[in-house]
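Welcome, and thanks for taking a look at this protein with us. Please have the sequence and the model open side by side as you read.

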Amino acid sequence: MAGCAGRTARLPIYSGRSVASMQQTDDRQSILSMRGIRKSFAGVQALKGVSLELYPGEVLGLIGENGAGKSTLMRVLMGIEKRDAGTIVCHGEELNLTKPIEAYEKGIGMVFQEQALFPNLSVAENIFLGHEEHLQTAGFLHWSEMYRESKMVLEKVGLANLDPRTRLSRLSFSQRQMVEIARVLYTALHTDRQVIVILDEPTAVLSPSEVENLFAIINSLREQAAFIFISHHLEEIVEYTDRVAVMKDGSNVGDVMTRDVDIRILQEMMVGREFSTDFFFAQELRVPEDEVVLRLEGVTNKEVKDVSFSLRKGEILGIAGLMGCGKEDLSKIIFGDSPVEKGTITAADGSQLGNSIALAVKAGIGYLPSDRRNEGILGVLSVITNTTIANLDNFTRALGFIDQRREQQGVDDYISRLKIKTPSGRTKIMNLSGGNQQKVILARWLSLKPRILLMEQPTRGIDVGAKQEIYRLMRELANEGISILVVSDEMPELIGLCNRIVTMRRGAVTGEIDCQKEVKPNERDIIRYIA
């Protein structure tokens, strides 16, 4: 990978911001310039003449609602998608990239939200995969040299103590993320040129301390790289970036210095309207019925111990706790995807659940996992297939053939009801935004007319506008009598959305908070139970 800009002087850091954030952007020469980028898919215009500038050593925030065009713009930059019009200039050289390997050769790399690494290979092999030419003689790899050079680049990303021979699957998510950054940065250490690193939702599943560590490393790398940081966490955008580019509906909305804005201004730019204090949770909480539809008593396995609580009809029940507290496994236990060693899970009809997904589905339970890409969607298949796959019997004619017309009509109804933004039902679900993928998974279970929905991190990786849509749908479902169990890391989400919150620490239930009292609970009320 050859870089695309000359090395600039190291930007000194002050209060988490670079000196660059205090300069006018037009006083500097950009490292990257994208002008008038247009791209259409099946007649739908995803990018409508978008422009973007990136300056040496800068951390640029790129934000917008799901479907705004952020990912499409970066896929064009990486050569994954071919632009219909517009120019891309990298330090004076116009680029016409057709594949990601060409982007890497020009010093442009992307750290994807769903990591593009190989867990069965070593750290060193992942760093050099596809770039081993200078480490070969007559087709044989110089392993010792590969490990030595891997060690050098790992030190740059805060992994100095990591053995490059370690299998990637043994690393934590945040460590794997650093390996991806190391892969992008490798060539920059051998040249006098800066690289461009695109970070797509890098903090989505990181703890606060891991986020702080990530940006400490990013700041230390400003001499070697400039960064484009895509995130829906606006508090991190405000805290860690120098400048913010905002997109909406495939167009530029604005380009502002971070020091001149706050979260509310960015929210209003993204959604195109003013935010009120009750923007997210304007609907009244429904008082649940007395009927208990799910009861856990003394449920125990290697992740949780002696967990007991009940879920009532039409209730939204939240589960809160720090990472690793056991809440991550709770939905899987109820859905039968994680074993129950002790205790009971009882459905409304008295049937005993646990250790069987088929029993859970028969009892009317639907499951929306936190890892949409690996556990929720079938990426290469259509929206139609992803919606109906759990309920094919409803669309099957004699001799086992699918009634495609009825299937299409059924999916079209859900596309309309849930406001799923897709060119058609036949579009591959992988081409939809995260929020719309989430709605398709929701439609899948609604087609089965569930009594209970288990929702893990329902708005992770989803923009503010899509969040409101998801919350509205959840409230409507609760009003219809569907019970919802919500596992979330976002305390404001739980407080504003739920009737009750069950708190966990070290695998055990530590308390229960009633959100329907006259005085609403706050984050401190939750923290004292989970910390």
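## Aromatic pairs in the interior

Phenylalanine 215 and phenylalanine 229 are both buried. Keep in mind that this is a predicted model. The first of the two, phenylalanine 215, belongs to helix 6 (residues 208-220), while phenylalanine 229 belongs to strand 13 (residues 225-230). The two residues are 14 residues apart, and their pair links distant parts of the chain. Phe215 and Phe229 also join Tyr240 in a cluster linked by ring pairs.

How many aromatic pairs does the count come to? The count comes to 5 aromatic pairs. Two of these pairs are set out here with their geometry.

| Pair | Distance between ring centres | Angle between planes | Arrangement |
|---|---|---|---|
| Phenylalanine 215 and phenylalanine 229 | 5.0 Å | 75 degrees | edge-to-face |
| Phenylalanine 335 and tyrosine 367 | 5.1 Å | 40 degrees | tilted |

The pair of phenylalanine 335 and tyrosine 367 ties together parts that are 32 residues apart in sequence, because phenylalanine 335 lies in helix 9 and tyrosine 367 in strand 21 (residues 365-368). Phenylalanine 335 counts as buried, at 6% relative accessibility. Tyrosine 367 counts as buried too, with a relative accessibility of 7%.

Rings in this model also take part in another kind of arrangement. Arginine 183 has its charged end over the ring of tyrosine 104, 5.0 Å from the ring centre. Likewise, the charged end of arginine 165 sits over the ring of tyrosine 147, at 5.8 Å from its centre.

## Around strand 12

Let us go back to strand 13, where phenylalanine 229 lies. Strand 13 runs parallel to strand 12, and 6 bridges join them. Within this pairing, valine 197 stands opposite phenylalanine 227 in strand 13. Strand 12 also pairs with strand 9 (residues 108-111), in the parallel sense and over 4 bridges. Here methionine 110 has isoleucine 198 in strand 12 as its bridge partner.

Why is strand 12 (residues 193-200) described as largely enclosed by the rest of the structure? The reason is that 7 of its 8 residues are buried.

Helix 6, the home of phenylalanine 215, also contains serine 220. Is serine 220 buried or partly exposed? Serine 220 has a relative accessible area of 34%, so it is partly exposed. Its C-alpha atom is separated by 8.7 Å from that of valine 157, although the two residues are 63 residues apart along the chain.

## The four-stranded sheet and helix 9

An open sheet of 4 strands follows the order 17-16-19-20, and its pairing is antiparallel. Its edge strands are strand 17 (307-312) and strand 20 (352-353), each of which pairs on one side only. Strand 16 (residues 292-300) runs antiparallel to strand 17, with 5 bridges joining the two. Leucine 294 has leucine 311 in strand 17 as its bridge partner.

Helix 9 (residues 327-335) packs on this sheet and touches strand 16, strand 17 and strand 19 (342-347). The direction of helix 9 makes about 115 degrees with that of strand 16. Phenylalanine 335, from the tilted pair in the table, lies in this helix.

## The six-stranded sheet

Strand 21, which holds tyrosine 367, leads us to an open sheet of 6 strands with mixed pairing, in the order 21-22-23-18-24-25. Strand 21 and strand 25 (508-514) each have a single partner strand, so one side of each is left without a neighbour in the sheet. On average, neighbouring strands of this sheet are turned by 20 degrees against each other, direction ignored.

Strand 18 (residues 316-320) pairs with strand 23 (residues 483-487) in the parallel sense, over 4 bridges. Leucine 317 stands opposite leucine 485 in strand 23. Helix 14 (residues 434-446) packs on the sheet, where it touches strand 21 and strand 22 (452-456). Its direction makes about 170 degrees with that of strand 21. Helix 17 (residues 523-530) lies across strand 18, strand 24 (500-505) and strand 25, and runs at about 35 degrees to strand 24.

## The chain as a whole

The secondary structure of the protein chain comes to 17 helices and 25 strands. Of its 531 residues, 55% are buried. Among contacts with a separation of 6 or more, 69% involve residues 24 or more positions apart. The accessible surface of the chain comes to about 23300 Å², and carbon and sulfur atoms account for 48% of that surface.

How values were computed
Residues are numbered from 1 along each chain as its sequence is written. This is a predicted model: local features need pLDDT of at least 70, side-chain atom pairs count only at pLDDT 80 or more; totals for chains, interfaces and linings use all residues. Side-chain values use heavy atoms; hydrogens and water are left out. Two strands pair if DSSP finds at least two bridges between them. Contact means heavy atoms within 4.5 Å. Axes are lines fitted to C-alpha atoms, for helices over the stretch in contact, and angles run from 0 to 180 degrees between N-to-C directions. Buried means under 20% relative accessible area, exposed over 50%, partly exposed in between (1.4 Å probe, protein chains only). Accessible areas come from the Shrake-Rupley method with a 1.4 Å probe; for residues, only the protein chains shown count as cover. Rings of Phe, Tyr and Trp (its six-membered ring) pair if their centres lie within 6.5 Å; planes under 30 degrees apart count as stacked, over 60 as edge-to-face and the rest as tilted. A charge sits over a ring if NZ of Lys or CZ of Arg is within 6 Å of the ring centre and within 35 degrees of the ring normal.
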